Amino acid sequence: MTPKIGLIICSQRTPRAGLHIGSTILNDLQATDSVRKNAVTLSLIDLAEWNLPMYNEPGIPSQVHSSDQYLHPHTRRWSEEVASYAAFVFVTPQYNWGYPASVKNAIDYLYHEWKGKPAMIVSYGGHGGGKAAEQLKQVLCGVRMRPVERTVGLTFPSKDVLMVAAEGRELDLSFWEGERREVVEVFGEMVKLLDEA
């Protein structure tokens, strides 16, 4: 079976830039050899659509080994969704030097469903989101994922552009041409990790 890779939109803000940025990255990655030759498939996972409540399971995720052991239907569905992927691309904004609570909550719902899977992080913000990426990488290691060493930070070129993005208006993201090429390179590194699994 062809390994599935999920691209997670980590922002749930309304309005937000995350969906536009994530969709652009998804399109860039769809054009890679590994996707075009069906070595892997890619799907978008939008945390805003999942809208998980703050973690409300009675159990500890590391002690749960099957989706039917979760109490709530939303957790069972999320468990089955995450378990169906072989690797993940996290596209996250940086808020006040950190990543959004929505992605931490989504990660904390589960444990074994993440364990051992390769991951990569693309961050964005007024300063590129490097602090958020480093913190998120630590959390991914905490659930025993295998994050690629390199992260890619997308810095908005001006405050005006940042404000347009924050208002949820679409941008021509050609100003990140070099960074988008780097995303494709890091994606290739992550796909290689799948072969080592």
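Here are some questions and answers on how the labels for this predicted model follow from its atoms.

The model is predicted, with local features needing pLDDT of at least 70 and side-chain atom pairs counting only at pLDDT 80 or more, while totals for chains, interfaces and linings use all residues. Residues are numbered from 1 along each chain as its sequence is written, and side-chain values use heavy atoms, with hydrogens and water left out.

Q: Why is Trp 97 called exposed?
A: Exposed means over 50% relative accessible area, buried under 20%, and partly exposed in between (1.4 Å probe, protein chains only). Trp 97 has 58% relative accessibility, so it counts as exposed.

Q: What makes Arg 144 partly exposed?
A: Its relative accessible area is 48%, so Arg 144 is partly exposed.

Q: What makes the phi values of Trp 97 and Arg 144 worth a look?
A: Most residues other than glycine have a negative phi. Phi of Trp 97 is near 75 degrees, and that of Arg 144 is about 65 degrees, so both are positive in residues other than glycine. Trp 97 lies in the loop between strand 3 and helix 5, and Arg 144 in the loop between helix 6 and strand 5. Helices (H or I, at least four residues) and strands (E, at least two) are DSSP runs, numbered from the N terminus.

Q: How do you know that the length of helix 8 fits its number of residues?
A: The expected span is 1.5 Å times one less than the number of residues. Helix 8 has 20 residues, and its 30 Å from first C-alpha to last is close to the expected 28 Å.

Q: Why are the buried residues of helix 8 said to line one face?
A: The buried residues are Val 183, Val 186, Phe 187, Met 190, Val 191, Leu 193 and Leu 194. They fall within an arc of 155 degrees seen down the axis, so they line one face of helix 8; the arc is that of the directions from the helix axis to the C-beta atoms. The face turned away from them carries the exposed Glu 177, Lys 192, Asp 195 and Glu 196.

Q: What makes a set of residues a nonpolar core, and which element gives the largest share here?
A: A nonpolar core is a set of buried Ala, Val, Leu, Ile, Met, Phe, Trp, Tyr and Cys residues joined through side-chain atoms within 4.5 Å. The largest one has 34 residues, with Ile 25 and Phe 187 among those with the most contacts inside it. Helix 8 gives the largest share, seven residues.
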